[in-house]
2 protein chains.
Amino acid sequence: MKQILVRSFIRFKSSLPPLSTLEKFNFRVSTHTINQVNENIDEYLNQPIVLNGHLNRKPRLMAKNSFAEIRDSSGNSVQLIFRPESTGEKHFQTIESSMVEESCSVEGLVKLKETRDGSKQWELLVTNYQRLNESNLDAARLENLKHTNPQDLPPHFRYLQLRSKKYQDNLKIRSKLSNLIRSTFIESHDFTEIETPLLFKSTPEGAREFLVPTRSSNLFYALPQSPQQYKQILMSSGFTRYFQLAKCFRDEDLRADRQPEFTQVDLEMSFVSSSDQVQIVVEDVIYQVFNKGAELPMYIVNEKGNLIELKNFNNDKTQFTKLTYQDALSKYGIDKPDLRFDLAFKNLSAYFTNNNEDFPIVEACVLKQGLVDGKIPKALTDSLNYNRRKPFVIGIKKPADIKWYRKFVEKGILTLRGEETAIDNFLSVEVGDIVAFSDRMEIPYENPTPLGKFRQLAISEYDNKWQRPIETSEGLIDEYDASKVFVGSWVVDFPLFNPTDVSNGDEAYPSYDKSNFESTHHPFTMVKTEDYKKLSSDPLAAHGEHYDLVVNGVEVGGGSRRVHDAKLQQFIFEEILGIENYRQLFGHLLDALSMGCPPHAGLAIGFDRLCAMVVGSSSIRDVIAFPKNQSGVDMVVESPTSVDEKVLKEYFIKSL
Amino acid sequence: MKQILVRSFIRFKSSLPPLSTLEKFNFRVSTHTINQVNENIDEYLNQPIVLNGHLNRKPRLMAKNSFAEIRDSSGNSVQLIFRPESTGEKHFQTIESSMVEESCSVEGLVKLKETRDGSKQWELLVTNYQRLNESNLDAARLENLKHTNPQDLPPHFRYLQLRSKKYQDNLKIRSKLSNLIRSTFIESHDFTEIETPLLFKSTPEGAREFLVPTRSSNLFYALPQSPQQYKQILMSSGFTRYFQLAKCFRDEDLRADRQPEFTQVDLEMSFVSSSDQVQIVVEDVIYQVFNKGAELPMYIVNEKGNLIELKNFNNDKTQFTKLTYQDALSKYGIDKPDLRFDLAFKNLSAYFTNNNEDFPIVEACVLKQGLVDGKIPKALTDSLNYNRRKPFVIGIKKPADIKWYRKFVEKGILTLRGEETAIDNFLSVEVGDIVAFSDRMEIPYENPTPLGKFRQLAISEYDNKWQRPIETSEGLIDEYDASKVFVGSWVVDFPLFNPTDVSNGDEAYPSYDKSNFESTHHPFTMVKTEDYKKLSSDPLAAHGEHYDLVVNGVEVGGGSRRVHDAKLQQFIFEEILGIENYRQLFGHLLDALSMGCPPHAGLAIGFDRLCAMVVGSSSIRDVIAFPKNQSGVDMVVESPTSVDEKVLKEYFIKSL
C-alpha cells in the first residue's frame with residue numbers, strides 16, 4: 001500500500017472567528033432553481049428571485065459592470081451581472097475577493113441576455129450577493145480541470161469531482177435504480193428485504209476476507225464476501241422471497257476496476273422447483289432497470305441470430321437468450337459472450353488434428369475483410385493483450401494466403417485430415433480477411449480461450465462491424481450505436497467442478513490436476529438431475545444448476561439452485577471438495593438445512609457494475625461516491641491509517 | 001466473551017445419498033396460499049389445490065384416518081386429513097416417519113371441516129403428500145416452545161424462531177417501513193440515497209470502533225459509528241438532499257438492548273438556514289411510518305396539555321411538540337420525556353434550600369393517590385432501579401404526613417425559606433399521595449435526574465394513570481391503550497458542551513471538572529446565534545443548534561445544524577475541546593469545509609428502535625433477523641471465532 005501524500009493545509013488562528021461568521025448561517029433560501037427559470041423565461045422576466053449555489057467560474061471584474069456565474073444543485077448555471085445602478089457597492093467588494101466554488105445566496109432580477117445566435121437566454125441582475133462560505137480553489141489549473149475533466153482532479157478533491165454534472169447525474173441515477181429495484185421486488189413480486197449481519201464469521205480457507213478483531217483474545221469476526229450463507233439460513237427460516245441490497249467485502253487486488261467493498265442485489269426464493277422461477281423475477285428487475293430506470297431498450301437474440309427488442313416483461317416464462325456453457329465456449333470462447341456481436345467460431349477438428357490429446361479441438365475465427373490498409377491491427381496480435389496463450393493470426397493478403405494452413409502443416413503444428421478443398425469451402429476465406437486459429441480442451445477451463453480473447457479484441461478494434469442486425473417491423477437495421485443496445489442472456493449448464501490449475505506459468509499450455517476439484521462457483525450449487533450419479537463416478541463431467549446473467553459481455557449476476565439436502569451437501573464438502581474442517585466452516589448451514597429447509601434457489605447481481613453500464617461508464621468508480629484507489633486508499637479521508645500499539649492492545653492484537 | 005457452546009451434530013455417511021434424493025428437488029409448486037382459500041372457502045370447495053409449507057405439528061396417526069397440519073409462508077395453517085379411500089397407502093407410510101417442521105408439498109381437495117362452534121372452516125383431504133426435506137426437531141419441548149414462546153427457543157435455532165408468525169410479521173413490517181421511508185425521501189422530498197464507505201478511518205480517541213486490519217503492516221481501516229463525516233463531505237460535494245439507510249458499528253457493552261451493528265436512517269440537507277427545514281422532512285417520514293406503515297395514529301400535545309391527533313403532515317411548518325432541554329429537565333427530569341403522561345415536577349426552591357451550591361434546585365413530584373393498599377410500590381424506592389442517586393420518597397399515609405418535610409428540616413437536609421402554609425398550598429398534598437423530592441444542578445448534567453428516573457418508574461408502575469387526555473371533537477378521552485398512542489416531539493436548545501464527569505462513584509453527588517469540556521452530541525454542532533460569544537467566554541453556558549426527535553420517551557433520532565465554517569470548526573476542536581490531533585482526525589473534514597461547503601444540517605434516526613416501537617416490542621432483537629447476543633456472539637453461525645496465527649500473519653497482526 002502506498003504511503004499517503006501529506007497535504008499542505010491552512011492552519012487558522014486559534015481565536016474565536018469574528019461575529020460576522022454568523023452571517024454565513026443567516027441567508028435567504030433559494031426561491032427557484034435555474035432550471036425552473038430556464039423552462040419558462042418569459043414568466044419570470046423582471047421578477048426577483050433567490051438562487052443558492054456555487055460560483056461556477058472566477059468572476060470577471062470589469063471597469064463598470066462585473067460578471068460571475070452561479071451553478072445550483074440542478075447542475076445548471078447562469079450568468080450573474082453586477083451593475084452599479086442596481087447592485088450595491090458592497091457586493092462589488094464581495095465579488096472582488098470571490099474565489100471559484102465559494103457557496104453563495106444571490107438575489108436579483110431575471111433579465112433577458114443578448115445572445116449572438118438569437119436564442120432566448122437569461123441572466124440575473126444582482127441586487128444582493130451573499131457569500132455563504134469561502135473556497136480555497138485558487139489554482140487556475142484545477143478550475144480548468146473542473147470544467148473539462150473533473151475525473152482528473154486530484155482524488156483528495158473528490159468533492160469537487162462530485163460537484164460536476166457527470167457525477168451528480170451518476171449518483172442520482174444510482175439512487176433511482178436502487179429504489180426501482182426495491183419497488184420491483186416488493187411491489188411486483190412480494191419479496192421481503194432483510195438485512196443480514198456484516199459482522200460475520202471467519203472462514204479461514206478463504207484468503208479474501210477482512211477480519212475484525214474483538215476485545216477478546218483471539219476472537220475475530222469477518223466481513224462477508226456475500227450474504228450467501230445467511231440467505232440460505234433465511235430460506236430455512238420461513239421466508240420464501242428474500243432480497244437485499246447488501247454490502248459485501250473482498251480483500252483482494254484492486255486491479256480490474258474492483259473495490260474492497262461493493263454492493264450486491266441479493267435474492268433467494270424457497271419452494272422453487274426450477275431455475276426459471278428465479279430467472280423470471282430477475283428478468284423483470286433488469287428490464288425495469290434499463291427500460292424504466294434509464295429508458296434504454298433491451299434486446300434478445302432471435303432464432304435467426306438477429307436482435308429483437310424486448311417489449312414486455314413476461315411473468316410466465318423467461319425471455320432472455322439462453323445458451324449453455326459449452327455452446328458459449330465453442331462459439332465465442334468465453335462464458336460471458338457479448339451477443340450484440342455475431343462472429344462465431346468454426347470448429348476445424350474435422351479437417352485438422354493438432355496432435356495434442358488434452359487440447360484436441362482446433363477452431364478458427366474469420367474476420368471478413370478485417371485487414372486495415374492491408375495489415376492486421378496490432379491490438380489483435382499484441383501478446384500483452386492476451387492472458388497466457390494467444391492464437392495464430394494470419395492476414396489473407398494475396399490469393400496464395402487462402403491456403404494459410406499449409407505452413408502450419410509443414411511445421412507440424414497441424415495435421416491435415418482431409419482434402420484442402422473441403423477446408424476452403426468450409427471456411428470460404430478471401431483476400432482481405434483475417435484468420436485466427438487456436439486449440440482448446442473439450443471442456444475448456446481456459447476462460448476466455450485464446451480465440452475467445454481474440455474475438456473480444458476484434459470487437460473493440462472495429463467500429464460498427466460484426467454487429468447483429470436489429471430486426472424491426474420495418475426491416476433490419478445494420479448500423480446502430482452499440483453502446484445504447486443491451487442484450488440480456490443466460491448462460492447455463494456450467495461444469496459443477498473444475499480441476500485445480502497447477503500450471504507454473506512457463507508452459508505453452510496450462511495443466512490441471514484432475515484429481516483435485518474446485519467448485520466452479522460455490523459448493524452450495526445443485527448438480528443437474530441427469531448428472532447426479534456422476535458426483536461419485538466422474539465429478540468433472542457433472543453440470544450444475546447454475547445460471548449467469550450476462551449483458552453485453554458483462555457478467556451482471558450469477559445464481560443457482562442450491563443443495564437443500566444436508567447429506568448431499570456434506571458429501572460435496574467432504575468427499576468431492578475434500579474440505580476437512582467443513583463442520584467448523586459450514587456446520588451452521590448443515591444444521592439449518594437439516595431442519596426441514598425447503599428447496600431454494602437464488603441469484604446475486606453486482607449493483608455497482610450494473611449502474612456503471614446504465615450510465616455508460618466503464619468504471620464502477622464513476623458510480624461510487626467515495627471509492628478506494630488501486631492501493632485500497634480512500635484519498636479523501638486518508639484511510640487506512642496506523643493505530644497506536646496501546647489501542648491495538650485493547651483488541652488483543654499487535655502489529656507485525 | 002463467553003465460550004461458544006459446542007453443539008452435538010449428526011455426521012452422515014460419506015457416500016453419495018441415494019438417487020431418491022432427487023425427488024426432493026422435483027415437486028409441485030403451490031397453486032394457492034392457505035389464506036386465499038380461507039377468504040373464500042365456498043369457491044374452492046372440492047377443488048384440488050397444492051400447498052407448500054412445513055408440518056406445523058407432529059402428525060397424529062389414528063387407526064383409520066391420520067391427521068397433520070401444514071403451515072405455509074403466509075403464516076397460516078390448515079389441517080391435513082389422510083383417508084384410506086382417498087389417500088394412497090404410501091402417503092400414510094411417509095407421514096408415519098414425519099417430524100414436525102419438515103417441509104412438504106401437498107396435493108388434496110378442499111373439504112368443509114366440522115367445527116364445534118359452527119364456524120366455516122376447511123381441511124385438505126390429501127391425495128399426494130411429498131416430503132421435501134427432513135427435520136431434526138424431535139424434542140417435544142422444542143415443539144411446545146415453538147407454539148407458545150418462540151423467542152425462548154435456543155438461540156442457535158433462530159431459524160425456528162423466525163418461522164413463527166411474530167418474527168415473520170416483524171421482519172416483513174421492517175421491510176415495508178424501509179421501503180416507505182425511502183419512497184418518502186425520494187418521491188416526496190427529492191432526496192438522493194448515497195452509499196458511503198464502511199471501510200472508514202480509525203479515529204484513535206474513539207474507543208468504540210471496530211478496527212479492520214489490512215494486508216499492510218500497521219495500516220487499519222475502522223468501521224464507521226455513523227456516516228457523519230462522509231455526509232458532511234457530501235454536502236461539500238454538491239448534493240443538497242442526501243439520505244441513506246446506513247449500517248453503523250459500535251464496539252461497546254451490549255447491555256441495554258444494543259447491537260454491535262445497527263441501521264440508521266441518515267440524512268443531511270445543504271443550503272439550510274433553519275433547523276425547521278430538516279425537522280419538516282423528518283416529521284413527514286415519521287408520520288408516514290406510523291400512519292401509513294402501521295396504521296397507528298400520531299399525537300402531539302396541545303396548549304392545554306392534552307393530546308390531539310396529527311391529521312396531516314405539513315410541508316410549511318413543524319407540528320411536533322417542541323420543548324427545550326431546560327424545560328424537559330425541569331418538568332420531567334430527562335431530555336427524552338414520555339409525553340403521553342403528564343406528571344410534571346414542582347420547583348420548591350422558593351420554599352426550601354438544601355445548602356448545596358452545586359445542586360441548588362429542590363423539586364418535587366407528587367403522585368396523587370399513588371399509595372397502593374396504603375403502601376409505596378417497592379419499584380419506586382428500590383435502589384437497583386436508580387442509576388446513582390435516588391430521591392426521597394414519602395407516603396402520605398395519615399394527615400400528619402402532609403407536613404412530610406418537617407423531618408427533613410429537622411435532619412438538616414432541607415432549610416425552610418417561608419411559611420409552611422405556603423408550601424402546603426403550593427403542593428396541596430393529601431392522604432393517599434406519594435411525594436418524591438430531590439435536588440439538581442441549574443443545568444442538570446445528570447440525565448435523567450433522580451426525580452426524572454422516579455417519574456419513569458411511576459409511569460411504568462401504574463396502569464392507565466397520569467395519562468394526558470386525548471382531545472377529540474367529541475370531548476376528552478381519559479382512558480385509552482397507551483401502547484397504541486405515539487406522541488411526536490422535539491427537544492431543542494441543549495447545552496453545546498458538558499463538563500467532564502470526574503465522579504469516583506462513591507460520592508453522594510456526581511462531580512464535574514468544569515474546565516474540561518465534552519461535546520454534548522458531537523463537535524460538529526453549531527452554537528445558537530445568541531450564544532456565539534459564549535464560545536470563548538463561557539462555553540458551558542452556550543446552547544447548541546441540536547434537536548432530538550423523541551417519541552414516547554424514546555430518543556428516536558438526533559440532529560443538528562452543523563458548523564460549515566472551517567475556522568470556527570477548528571476553534572471548537574482545538575481551543576474548546578482540546579483535541580490536539582484534530583488535524584489527523586478531522587483534517588479531511590476541515591479541507592472539505594474550506595472548499596465553499598454550503599451551510600447544512602441533518603439528522604439520524606435509529607431504524608432498529610423505530611421498527612421495534614412500531615411492532616410494539618421493547619427489544620430491537622425482535623426486528624433483526626440474526627442479532628448478536630449480549631456477549632456479541634452470533635449463536636447461529638457461531639462467530640466470532642479464533643483465527644490461525646498463520647492467517648493473522650497475512651494481515652501483519654498477532655494475537656495477544
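Contact here means heavy atoms within 4.5 Å. By that criterion, A:Ile413 is in contact with A:Thr353, A:Asn354, A:Phe392 and A:Phe408, leaving aside its neighbours within four places in sequence. The model is predicted, and it scores ipTM 0.94 and pTM 0.94.

**Confidence**
- The average pLDDT of chain A is 93, and 97% of its residues score at least 70.
- Residues 1-9 of chain A have a pLDDT below 50, yet this stretch has 21 contacts in the model beyond near neighbours in sequence.
- Where pLDDT is low, the predicted coordinates should not be read in detail.

**A:Ile413**
- A:Ile413 sits in the loop of chain A that runs between helix H10 (406-410) and strand E19 (415-416).
- Its relative accessibility is 28%, so A:Ile413 counts as partly exposed.
- From A:Ile413 to A:Thr127 the C-alpha to C-alpha distance is 83 Å, with their positions 286 residues apart in sequence.

**Helix H16 of chain A**
- Helix H16 of chain A covers residues 607-615 and is mostly covered, with seven of its nine residues buried.
- The buried residues of H16(A) are A:Phe607, A:Asp608, A:Leu610, A:Cys611, A:Ala612, A:Met613 and A:Val614.
- A:Gly616, just after H16(A), has a positive phi of about 75 degrees.

**B:Lys231**
- B:Lys231 belongs to helix H7 of chain B, residues 228-235.
- With a relative accessible area of 1%, B:Lys231 is buried, because buried means under 20%.
- Its side chain makes polar contacts with two acidic side chains: B:Asp266 at 2.8 Å and B:Glu268 at 3.3 Å.
- Leaving aside neighbours within four places in sequence, the residues in contact with B:Lys231 are B:Tyr242, B:Asp266, B:Leu267, B:Glu268, B:Arg562 and B:Leu603.

**Cavities**
- The model has seven cavities of 30 Å³ or more.
- The largest cavity holds about 400 Å³ of space.
- Helix H6 (165-189) and strand E10 (241-249) of chain A, together with helix H6 (165-189) and strand E10 (241-249) of chain B, are the elements that give two or more residues to the lining of the largest cavity.
- That lining comprises 34 residues, and those nearest the centre of the cavity are A:Arg182, A:Leu245, B:Arg182, B:Leu245 and B:Lys247.
- By residue class, the lining of the largest cavity divides into 13 nonpolar, 11 polar and 10 charged.

Key:
Residues numbered from 1 in each chain as written. Chains lettered and ligands numbered in written order. Predicted model: local features only at pLDDT ≥ 70, side-chain atom pairs only at ≥ 80, totals over all residues. Heavy atoms only, no water. pLDDT = per-residue confidence, 0-100. Buried < 20%, exposed > 50% of the residue type's maximum accessible area, 1.4 Å probe, protein only. Helix = DSSP H or I, 4+ residues; strand = E, 2+ residues; numbered from the N terminus. 1 Å grid on protein atoms, 1.4 Å probe; cavity = no way out; pocket = protein on both sides within 12 Å on 5 of 7 lines; lining within 4 Å. Points joined across faces, edges and corners; volume = space filled by probe spheres on them. Nonpolar A, V, L, I, M, F, W, Y, C, P; charged D, E, K, R; others polar. Polar contact = N/O pair within 3.5 Å; in protein donor to acceptor, adjacent residues only side chain to side chain.
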